[in-house]
Amino acid sequence: MDIERPPNLRTPGSGPGSATPPGGAGFGGSPPPINALAELVADLIAATGLVPADKLALVRGAAGMGSFAHALVEQNVASSEGLAKTLAARYQMPLVDLALTGVAEDASGEIALHVLERLVAIPYAFDNGTLRVAIADPGNIQGIDELRLATRYPLDLGVASREDIFAEIRRLARASEAFGARAAVEEELAATEDEEEADDLEIDDGISDAPLVRLVNSVIFQAAEDGASDVHFEPQEDSLLVRFRIDGVLQEVQRVPKRMMPGVVTRLKVLAKLDIAERRKPQDGRISLNAAAAGRTMDVRVATLPTVEGESVVMRLLDKSKRAPTLEELGMSDEMRAQLELLIRKPTGALLVTGPTGSGKSTTLYAALTEINRAEINIITVEDPVEYRLGGVNQVQINIKAGLTFATALRSILRSDPDVVMVGEIRDGETAKIAIEAALTGHLVLSTLHTNDAPQALTRLSEMGVEPFLVGAAVSAVLAQRLARKLCTHCCEMYTPNTDELLKARVSPEVAAASDGMVFYRKKGCPRCNQTGYKGRIGVYQLLAMTEQLESLAVTNASREEIERAAIGEGMRTLWDDGLAKVAAGLTSIEELARVSI
């Protein structure tokens with residue numbers, strides 16, 4: 001793919017007769033010193049008045065004798081992409097979007113990875129015998145000279161964002177590691193084919209050496225880098241299928257040869273401290289990993305399951321170093337967020353968050369705890385597992401083997417003088433009764449429940465054995481939610497759906513008629529979103545706040561439909577209504593809303 005550049009202008013350093021950029025000498029002459037450029041950029045920024053003087057002084061101090069551009073990004077004064085555009089314009093060099101152009105394998109191997117990492121550069125294509133290289137800092141003349149010495153080809157330089165370059169370098173390092181590890185394992189397996197075969201256990205134990213370790217590590221670190229929540233190792237007839245769950249959807253990553261499957265599964269079971277000799281029963285375990293390459297500290301839950309093709313392994317990745325989100329970051333409407341903030345600041349009552357598995361219920365509870373966490377109150381949580389670490393909050397981890405269940409932990413917590421109690425999940429009638437009673441005795445209780453919508457939560461508690469009059473008195477509000485994938489902002493396209501398209505997407509005839517002629521957005525697909533059309537997720541919510549009428553209905557054990565009609569009459573929006581508002585705002589698509597909504 002050709003890179004757009006100003007007409008009649010050659011990239012500095014691209015070969016003999018290179019043009020000198022206007023306003024400064026070429027790279028072969030006397031370019032502006034990096035510190036002089038830093039002062040120029042700093043003066044320009046100061047002149048705009050957009051950045052306070054004290055903030056700019058911090059950037060100057062952080063830069064020192066290094067890259068002023070990098071310091072701007074580190075201090076959150078500018079984005080990496082914005083700086084790349086500015087530097088490209090300043091040096092009159094082409095701007096390279098690595099996510100769109102891609103990185104050719106033959107080009108990326110021309111310069112050693114450790115050199116690329118040190119100089120923040122990446123070769124991405126060959127063009128008529130010229131090696132095209134994207135760099136982050138065109139003012140680093142010494143680094144550019146070192147790049148020229150590292151290859152026998154003439155260079156055609158462009159500017160790319162530092163984050164994109166490092167992402168490609170990490171990807172190349174992972175690919176190299178995985179390829180080397182797989183080749184080593186294949187070589188060892190081939191060498192043992194002519195030898196006398198040992199029994200299965202000996203083969204499994206014998207393959208747990210360095211090459212296989214590197215292969216398994218490369219898969220786990222790639223999952224951490226890609227932001228996957230789950231990793232699936234699924235045995236097939238001819239291979240071991242590896243899939244990542246990213247943004248709630250499974251994506252195939254690679255297929256490991258069938259004969260390497262026993263070694264991979266055994267390695268994972270060893271890491272999780274499981275019985276490698278037991279292949280007939282499901283097993284559960286945990287792994288603590290420090291994925292330094294991805295900058296993440298992870299707690300990994302491992303579950304094995306015997307299938308007809310062999311043992312499958314599913315790993316749930318929990319990022320312990322990730323901070324809990326705030327209520328503003330969840331994607332609620334301003335009106336709903338303001339209402340929820342009032343509810344969680346009450347000293348008593350129960351807030352229940354409902355939805356299917358993987359719909360972000362625990363994340364919402366953490367956001368609520370972050371909002372109300374202060375030194376004056378005692379917050380205790382009981383969770384399985386602890387997904388986020390919150391400063392100033394006492395967090396209890398469930399341990400079934402030790403007899404520490406939600407119910408037993410909750411009883412102990414109530415004797416520890418809490419103001420706020422967060423119960424990870426109400427799974428049984430005993431836990432439900434204790435939580436509801438705690439909400440009636442001067443505590444604010446936050447918990448989750450598995451129901452399809454908010455009105456159903458009130459009837460579910462009654463079905464679990466909680467007295468209806470207690471449900472009406474204790475529950476302050478129910479928040480139902482789903483997670484919908486966000487449209488990729490780089491490739492989504494506008495369109496005007498007709499009424500038939502809206503009806504096929506389960507839009508009611510009234511809403512479809514009212515939406516006729518409205519402009520919506522739909523997915524398209526590009527390299528930045530891995531051709532899926534989506535990147536990231538956003539919440540779709542339904543908030544039921546308890547009123548006198550709803551409390552009366554709950555006490556009389558009314559049906560879900562009766563409670564829903566009354567709540568809608570008092571202003572409650574359905575999940576579909578909230579989702580349609582996000583579709584109209586261009587945050588997600590009608591198809592995605594239909595996929596996640598009831």
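**Figure 1. Helix 17 and its buried residues in the predicted model.** In this predicted model, the buried residues of helix 17 are Ala454, Pro455, Gln456, Ala457, Leu458, Thr459, Leu461 and Ser462. The helix spans residues 454–463 and is mostly covered, since eight of its ten residues are buried. At the N-terminal end of helix 17, aspartate 453 acts as a cap, with a side-chain oxygen lying 3.2 Å from the backbone nitrogen of glutamine 456. Just after helix 17 comes glycine 465, which takes a positive phi of about 105°.

**Figure 2. The largest nonpolar core and the surroundings of leucine 544.** The largest nonpolar core has 42 residues, of which Leu458, Leu461, Val475, Leu544 and Leu550 touch the most other members. Helix 16, residues 429–440, gives the most to this core, contributing six residues. Leucine 544, once its neighbours within four places in sequence are left aside, is in contact with Ala454, Pro455 and Leu458, with Ser476, Ala477 and Val478, and also with Leu550, Ile563, Ala567 and Met572. Another core, of 32 residues, lies apart from the largest one and includes Leu87, Ala88, Ala160 and Ile165. In soluble globular proteins, nonpolar side chains tend to be buried together.

**Figure 3. The open sheet of seven strands.** The strands of this sheet follow the order 12-11-13-14-10-15-18, and their pairing is mixed. Strand 12 and strand 18 (534–545) stand at the edges, and because each has a single partner strand, one side of each is left without a neighbour in the sheet. From one strand to the next, the twist averages 20°. Strand 11 and strand 12 run parallel and are joined by four bridges; threonine 381 has glutamine 395, in strand 12, as its bridge partner.

**Figure 4. Helices 14 and 15 against the seven-stranded sheet.** Helix 14, residues 361–372, packs on the sheet and touches strand 10 (349–354), strand 11, strand 12, strand 13 (420–423), strand 14 (444–449), strand 15 (475–487) and strand 18, while its direction makes about 165° with that of strand 14. Helix 15, residues 406–413, lies across strand 11 and strand 13, and runs at about 170° to strand 11.

**Figure 5. The cis peptide bond before proline 385.** Aspartate 384 and proline 385 are joined by a cis peptide bond, for which omega is about 0°. Proline 385 is placed in the loop between strand 11 (379–383) and strand 12 (394–397), the two strands that run parallel and share four bridges.

**Figure 6. The open sheet of three strands.** This sheet has the order 1-2-3 with mixed pairing. Its edge strands are strand 1 and strand 3 (155–159), each of which pairs on one side only, and the twist averages 25° from one strand to the next. Strand 2 is joined to strand 3 by five bridges, and these two strands run parallel; isoleucine 135 has valine 159, in strand 3, as its bridge partner.

**Figure 7. Two residues other than glycine with positive phi.** Asparagine 128 has a phi near 55° and is placed in the loop between strand 1 (121–127) and strand 2 (130–135). With a relative accessibility of 78%, asparagine 128 counts as exposed, because the cut-off for that class is over 50%. Glutamine 92, with a phi near 50°, lies in the loop between helix 4 (80–91) and helix 5 (98–101). Glutamine 92 has a relative accessible area of 23% and is therefore partly exposed.

**Figure 8. Glutamate 168 as a buried residue of helix 9.** Glutamate 168 lies in helix 9, which covers residues 162–191. Its relative accessible area is 14%, so glutamate 168 is buried, the cut-off being under 20%. Not counting residues up to four places away in sequence, glutamate 168 touches Leu98, Val103 and Ile122.

**Figure 9. The chain as a whole, as context for the close-up views.** The chain contains 24 helices and 18 strands, and 47% of its 598 residues count as buried. Among contacts between residues at least 6 apart in sequence, 63% join residues at least 24 apart. The chain exposes about 28400 Å², of which carbon and sulfur atoms supply 51%.

Technical notes
Residues numbered from 1 in each chain as written. Predicted model: local features only at pLDDT ≥ 70, side-chain atom pairs only at ≥ 80, totals over all residues. Heavy atoms only, no water. Buried < 20%, exposed > 50% of the residue type's maximum accessible area, 1.4 Å probe, protein only. Contact = heavy atoms within 4.5 Å. Areas by Shrake-Rupley, 256 points an atom, 1.4 Å probe, with all protein chains shown as cover. Core = buried A, V, L, I, M, F, W, Y, C linked by side-chain atoms within 4.5 Å. Pairing = 2+ DSSP bridges. Axes fitted to C-alpha atoms, helices over the stretch in contact; angles between N-to-C directions. Polar contact = N/O pair within 3.5 Å; in protein donor to acceptor, adjacent residues only side chain to side chain.
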